[in-house]
Amino acid sequence: MGPKPALLVVDIQNDFCPGGALGVPDGDAIIPRVNRTIALFERRGLPVLFTRDWHPRVTKHFKEFGGAWPAHCVQGAKGARFHGGLEMPKGALILSKGMDPDQDSYSAFQAFTDRGRDLESTLHELDVDELFVCGLATDYCVRATTLDGLRRGLAVRVIRDAIRGVDLKPGDSEIAIKEMRVNGAHFSESRGLGRFLRKG
Ligand code: VGL
Ligand code: ZN
């Protein structure tokens with residue numbers, strides 16, 4: 001089996017969905033599309049990886065301690081759990097980020113498995129050379145992860161209808177999408193995505 005694509009599902013956690021501490025408008029609306037895409041990758045025998053935002057109680061990432069955000073995705077709290085509608089395969093590989101109390105760490109390339117392995121070496125191990133990205137939030141983790149992946153020489157395809165942004169400032173997500181595109185990211189809709197998958 002040669003180099004292959006993998007699906008990266010970014011931060012679909014309660015706190016990033018409506019009603020959560022940092023609810024992304026319409027954040028949960030992407031879940032059926034994400035689930036359909038997970039099923040597609042599973043059928044093709046291709047890797048599916050999940051990230052989660054996983055903060056300590058005290059971190060410079062939170063407003064209370066000098067950062068930009070209300071407290072969210074605190075390790076072990078209900079808000080940090082994956083959304084109940086997300087269909088995660090048994091034994092799915094989960095990478096956690098945001099544990100460093102001195103850093104924001106938006107990129108999934110700053111995330112680690114429970115064995116302490118980072119995303120880049122995990123992808124290398126799986127012989128992955130192309131990342132399909134979906135999840136939350138367009139203007140933070142999706143953006144940072146996509147740009148980092150491209151910088152590292154991976155091909156990146158963002159699933160346009162399976163991402164949603166915070167838009168702290170209106171238009172942030174549109175700007176992030178343009179930025180990803182000029183840096184070489186491709187964009188596709190979740191429906192018909194199979195035609196962009198080489199055989200694994
Ligand atoms: C994120 C805001 C705060 C993200 C994380 O993962 O997109 N956004 N923390
Ligand atoms: Zn966070």
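In this predicted model, the space that ligand 1 takes up is the largest cavity. Around ligand 1 there are 13 residues, of which Asp11, Asp53, His61, Lys97 and Cys141 come nearest. By character, the residues of this shell comprise 8 nonpolar, 2 polar and 3 charged.

Polar contacts link ligand 1 to the protein through side chains as well as the backbone. The table lists three of them, with the distance for each.

| Residue | Part of the residue | Atom of ligand 1 | Distance |
|---|---|---|---|
| Histidine 61 | N or O atom in the side chain | nitrogen | 3.0 Å |
| Lysine 97 | polar side-chain atom | oxygen | 3.1 Å |
| Alanine 137 | polar backbone atom | oxygen | 3.2 Å |

How much of the accessible area of ligand 1 does the protein cover? On its own, ligand 1 has 260 Å² of accessible area, and the protein covers 100% of that area.

A second site holds the zinc ion (ligand 2). Its coordinating residues are Asp53, through OD, and His55, His61 and His72, each through NE2, at 2.0 to 2.2 Å. Along the sequence, these donor residues follow the spacing D-x1-H-x5-H-x10-H. Histidine 55 and histidine 72 lie 17 residues apart, and the pair links distant parts of the chain. Both histidine 55 and histidine 72 belong to the loop between β2 (48-53) and β3 (93-97).

The two sites can also be read together. Asp53 and His61 are among the residues that come nearest to ligand 1, and Asp53 and His61 also coordinate the zinc ion. For His61, the side chain has an N or O atom 3.0 Å from a nitrogen atom of ligand 1, while its NE2 is a donor to the zinc ion.

Notes. Residues are numbered from 1 along each chain as its sequence is written. Chains are lettered from A and ligands numbered from 1 in the order in which they are written. This is a predicted model: local features need pLDDT of at least 70, side-chain atom pairs count only at pLDDT 80 or more; totals for chains, interfaces and linings use all residues. Side-chain values use heavy atoms; hydrogens and water are left out. A residue is near a molecule or strand if one of its heavy atoms lies within 4 Å of it. A polar contact is a pair of N or O atoms within 3.5 Å; within protein, one must be able to donate a hydrogen and the other to accept it, and residues adjacent in sequence count only if both atoms are side-chain atoms. Accessible areas come from the Shrake-Rupley method with a 1.4 Å probe; for residues, only the protein chains shown count as cover. On a 1 Å grid over the protein atoms alone, a cavity is a set of points where a 1.4 Å probe fits but cannot get out, and a pocket is an open set with protein on both sides within 12 Å along at least five of seven lines; lining residues have an atom within 4 Å of a point. A molecule sits in a cavity or pocket if more than half of its atoms lie within 2 Å of its grid points. Ala, Val, Leu, Ile, Met, Phe, Trp, Tyr, Cys and Pro count as nonpolar, Asp, Glu, Lys and Arg as charged, and the others, Gly among them, as polar. Donors are N, O and S atoms within 2.8 Å of the metal (3.2 Å for Na, K and Ca); water is not among the atoms, so sites may look incomplete. Helices (H or I, at least four residues) and strands (E, at least two) are DSSP runs, numbered from the N terminus.
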